Amino acid sequence: MGALRERGRRGVGVKNKEPGAERPAHGISDSEQLLFGGPLLYDTGWSSHDGAFTRLSLWSMVATLPRLIRTTIRLADQADRRALRLVAAAEIGRGAAQAVGLVAVNTVLAALLAGGDPAGRLREALPALAVVAVTALVAALLRAASTYGSGRLEPKVERVATERYLARASRVELAAIEDDQFHRLLDTAQYGATSARRMIDYCISVVNALLSLVAAAGVLTVLHPVLLPLLALMTVPSMWSTLVTTRRRYRSFRTWVQHARAGRVLSSELTATETAAEIRVHQVGPFLLKHFRNMSASSEAEQTRLARLDARTGLWASVWTGLAGAATYLALGSLVWTGVMAMSVAGTAVLAIRTGSASLGGMVRSINNLYDESLFVADLDLLCARAADWAIPTGGAPVPLRPGRITFENVTFRYPGTEGEPALTDVTLTVPAGRITALVGENGSGKSTLVKLLAGLYLPESGRVCWGGVPTTLADRHQVFERIAMVAQDFNRWRFTARVNIAIGAPSAPIEEDRLADAARNAGADTVVDSLPSGWDTLLARGYQGGHQLSGGQWQRLGIARAHYRDAPVLIVDEPTAALDAKEEQRVFDQIRDLADAGQTVILITHRMASVRHADLVHVLHHGRLVESGSPQELLARPGGRFRELYGIQAAQFDGLDGLDRLDRLGHPVTGP
Ligand SMILES: Nc1ncnc2c1ncn2[C@@H]1O[C@H](COP(=O)(O)OP(=O)(O)OP(=O)(O)O)[C@@H](O)[C@H]1O
């Protein structure tokens, strides 16, 4: 694979070439090189496992098998111990039935091949024949029991693993989600649950094949010691050849998948709604189609090449297996010929060898798959361990229901994994209770960071953030979260009904219709809900039957209603009116004023200086430092102040006058920018 990529990289030179003019032999087309800069490989955590089993040798496969089986048993045991016992008992029983059946076959053959009256020989063989029939019946019943047990086990294993993943992932610190390594692990581990489910199935096939092999080997050893090496002679080459062909097919699949992925990217670009206008106006269609055709030709050539190789390997494998088979039968024949072995024993040996080696191919594939899946399950285990280290601690100092003022005392904070200037440096400020406090500053000045520290989503590197005197480092942070309602700029647009989109603001309580109507009315979302085809029950997601899409402004009203519904003592609003029309904006700010007058603490982040005049207190941030604090009027009156400067710039954009002149002439900001 690496070689393929290397060669792909060297084959650039596409600048003046007609795509398709030259068909590369290495599998990567000029088009892929031009469009994607090489093969289109995923850059996700799970891609690190890509092709892992092609690195597994025959010996390491055997060596890892006990661990793989142990892992599967552990998963199954956690999910449903009774079902696990049922499957285990059924599989062991099937192996035993097979062994007993083989011994009975040997007795039947011995009776039938002995000299004397045919009727007498048949009579002699009858009891053993009955045993053969009973063992076949028992094996069939046990197979049914195993199928039932595994059918019960698999979904439970997947559910237990999924719950483990989701519960752990939703409890970690925000810093963990933003940590690259943890995020990649989170990405890989999400496949752990389905892998755990598949491991059950693969493990049962492996155990079943192994027991068949053990049953055959046991019977052969009892019949004649020389038969065991014969079984090995027959099975080892076939095991080896299956491993080789499986790996080749897997590599071929991976290459093919890569090309298919690149092709899919082009077709989705060509048909996406977002790209539709540009594709038509800029006439991108023929360009992408030409490259699609070129990539397909390259993919077809690659598949043909691999099919040829597959055919050759398959032929070699058959020759080898045939030779091993011939050697086995030759050895058996000479043993019978020289009188070392009875004819009946040779007959049973043939049957046992065939039974033992029949499921070998499947077993090799299952071990490969088992190994592959186990990598994802191992990631899930690793995620759970890491998530425990990153978990937001439970318990801590209680936070008052009405926490009073929130203070920052010399707070410095740097995002984990970043170097250079901290995002916040030595910030000391107060957010008074029952007031509107605005945070103002240019992009990247630290407003959102400050709010995340205030909300306890991050903890300061130095200094303290205190809720009514309780530092967030010591506080029960779940209680801090309970005291906050948040309308973030990018608040979540849940793909649920309108009702749930608002009620999810208070997810632990039963939905109250009156409270819902109240919240919607306060946020102006009632008119939005009234206009929906199924009212509160309208699904707010495009692409689903009955799904409806809202405009940005309508969503924003729903977001504000959600915060109202939560009804927490501290309200954080980040650009709450960015998508609202002027009339609605005025209404929202009147609402926020009312909330503050009723005792709610409001923290407002906004770039609209006009909105800031609704605040009681303004904190101005610049490069992560607090540079000004005061009422809007005080700050506007401060010559050379940053707030006054920012306001002036927007005022000038608003009416073309020099904003500061206008301010000076008006004396105070009567009409905002
Ligand atoms: N998750 C993060 N990881 C690393 N650095 C970050 C992260 N989020 C923000 N920063 C950096 O921290 C600094 C402050 O960013 P912050 O988002 O707090 O600014 P802001 O004032 O809210 O900006 P804006 O007005 O654009 O929303 C910036 O330099 C930004 O690049």
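Tutor: Let's start with a term: two residues are in contact if their C-beta atoms, placed from the backbone, lie within 7 Å. Keep in mind that this is a predicted model.

Student: Okay, so what share of the contacts with a separation of 6 or more comes from residues 24 or more positions apart?

Tutor: In this protein chain that share is 75%.

Student: How many helices and strands does the chain have?

Tutor: There are 24 helices and 10 strands. As for burial, 36% of the 673 residues count as buried.

Student: I'd like to read a sheet. What is the strand order in the open sheet of 4 strands?

Tutor: Go across the sheet from one strand to its neighbour. Here you meet β2, β1, β4 and β5 in that order, and the pairing is antiparallel.

Student: Why is one side of β2 and of β5 left without a neighbour in the sheet?

Tutor: Because β2 (424-431) and β5 (470-471) stand at the edges, each has a single partner strand.

Student: How many bridges join β1 to β2?

Tutor: Strand β1, residues 406-413, is joined to β2 by 5 bridges, and the two run antiparallel. To find your place in that pair, look for F413, which stands opposite L424 in β2.

Student: Which helix lies across β1, β2 and β4?

Tutor: That's α14, residues 447-454, and it runs at about 120° to β1. Remember α14, as it also supplies the largest share of the shell around the ligand, 3 residues.

Student: Which residues are around the ligand?

Tutor: Along the sequence you'd pick out E178, then Y415, T418 and A423, then G441, and finally N443, G444, S445, G446, K447, S448 and T449. Sorted by type, the shell has 2 nonpolar, 8 polar and 2 charged residues.

Student: Now the confidence scores. What average pLDDT does the chain have?

Tutor: The chain averages 83, with 87% of the residues scoring at least 70. For the complex, the predictor gives an ipTM of 0.98 and a pTM of 0.70.

Student: Which elements have the lowest and the highest mean pLDDT?

Tutor: Helix α1, residues 2-10, has the lowest at 31, while β2, the edge strand we met earlier, has the highest at 97.

Student: Where does pLDDT stay under 50?

Tutor: One such stretch is residues 1-25, for which the model has 38 contacts beyond four places in sequence. Another is residues 665-673, with 15 such contacts. Where pLDDT is low, the predicted coordinates should not be read in detail.

Technical notes
Residues numbered from 1 in each chain as written. Predicted model: local features only at pLDDT ≥ 70, side-chain atom pairs only at ≥ 80, totals over all residues. Pairing = 2+ DSSP bridges. Axes fitted to C-alpha atoms, helices over the stretch in contact; angles between N-to-C directions. Buried ≥ 20, exposed ≤ 12 C-beta atoms within 10 Å, placed from the backbone. Near = placed C-beta within 6 Å. Nonpolar A, V, L, I, M, F, W, Y, C, P; charged D, E, K, R; others polar. pLDDT = per-residue confidence, 0-100.
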